[in-house]
Amino acid sequence: MAAPGTGDPLDAKSGKGPLAQRIDPTREKLTPAQLQFMRQVQLAQWQKMLPQRRTRNIVTGLGIGALVLAIYGYTLYSVSQERFLDELEDEAKAARARAQERASGH
């Protein structure tokens with residue numbers, strides 16, 4: 001029997017063609033024509049996947065932007081709703097007024 005990826009055009013069990021084998025160009029000696037063909041195939045695959053990747057990048061960017069704006073908006077809303085500093089300042093004014101009355105009354 002032949003090794004996978006070599007010889008037989010169809011696999012007898014599944015009826016599918018042989019799978020491509022991974023080649024490490026740094027380990028195996030390849031001809032310039034083979035290297036050029038590999039570059040062409042990689043470029044074709046990259047160009048084929050580019051629109052899908054661009055769409056995913058846009059959706060991801062919009063999602064992150066929406067999350068940032070939501071957090072920013074919620075933070076501003078929360079800070080505008082907080083009244084504890086106003087209450088503390090009112091108490092401080094009242095305390096100053098009492099202190100002045102005591103100082104001038106005695």
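Here are a few short exercises on this predicted model, each with a worked solution.

**Exercise 1. Take stock of the chain: how many helices and strands does it have, and what share of its residues counts as buried?**

Let's start with secondary structure. The protein chain has 2 helices and 0 strands. Next comes burial: of its 106 residues, 1% count as buried, where buried means under 20% relative accessible area. Finally, look at the surface. The accessible area of the chain is about 10,200 Å², and carbon and sulfur atoms account for 60% of that.

**Exercise 2. Find where UniProt places the "transmembrane region", and work out what secondary structure that span has.**

First, check the record: an unreviewed UniProt entry puts this feature at residues 58-77. Then go to the model, where residues 58-77 are 100% helix and 0% strand. To finish, take the two end C-alpha atoms of the span, which sit 28 Å apart.

**Exercise 3. Name the residues of the nonpolar surface patch, then decide whether Leu 88 is buried, partly exposed or exposed.**

The patch is made by Phe 84, Leu 85 and Leu 88 and covers about 310 Å². Now zoom in on Leu 88, which lies in helix α2, residues 84-105. Its relative accessibility is 48%, so Leu 88 counts as partly exposed.

**Exercise 4. Which residues form the negative surface patch, and how does Glu 87 count for accessibility?**

Go looking for acidic side chains: Glu 87, Glu 89, Asp 90 and Glu 91 form this patch. Pick Glu 87 and place it on the fold; this residue is in helix α2. Last step: Glu 87 counts as partly exposed because its relative accessibility is 49%, and exposed would need over 50%.

Methods:
Residues are numbered from 1 along each chain as its sequence is written. This is a predicted model: local features need pLDDT of at least 70, side-chain atom pairs count only at pLDDT 80 or more; totals for chains, interfaces and linings use all residues. Side-chain values use heavy atoms; hydrogens and water are left out. UniProt positions are given in the numbering used here, feature names are shortened, and annotations may be inferred rather than shown by experiment. Helices (H or I, at least four residues) and strands (E, at least two) are DSSP runs, numbered from the N terminus. Patches are made of residues with over 30% relative accessible area and no salt bridge: like charges are joined within 9 Å, nonpolar side chains (Val, Leu, Ile, Met, Phe, Trp, Tyr) within 5 Å. Accessible areas come from the Shrake-Rupley method with a 1.4 Å probe; for residues, only the protein chains shown count as cover. A salt bridge is a side-chain nitrogen of Lys or Arg within 4 Å of a carboxyl oxygen of Asp or Glu. Buried means under 20% relative accessible area, exposed over 50%, partly exposed in between (1.4 Å probe, protein chains only). Lys and Arg count as positive and Asp and Glu as negative; His and the chain ends are not counted. The place of a charge is taken as NZ of Lys, CZ of Arg, CG of Asp or CD of Glu.
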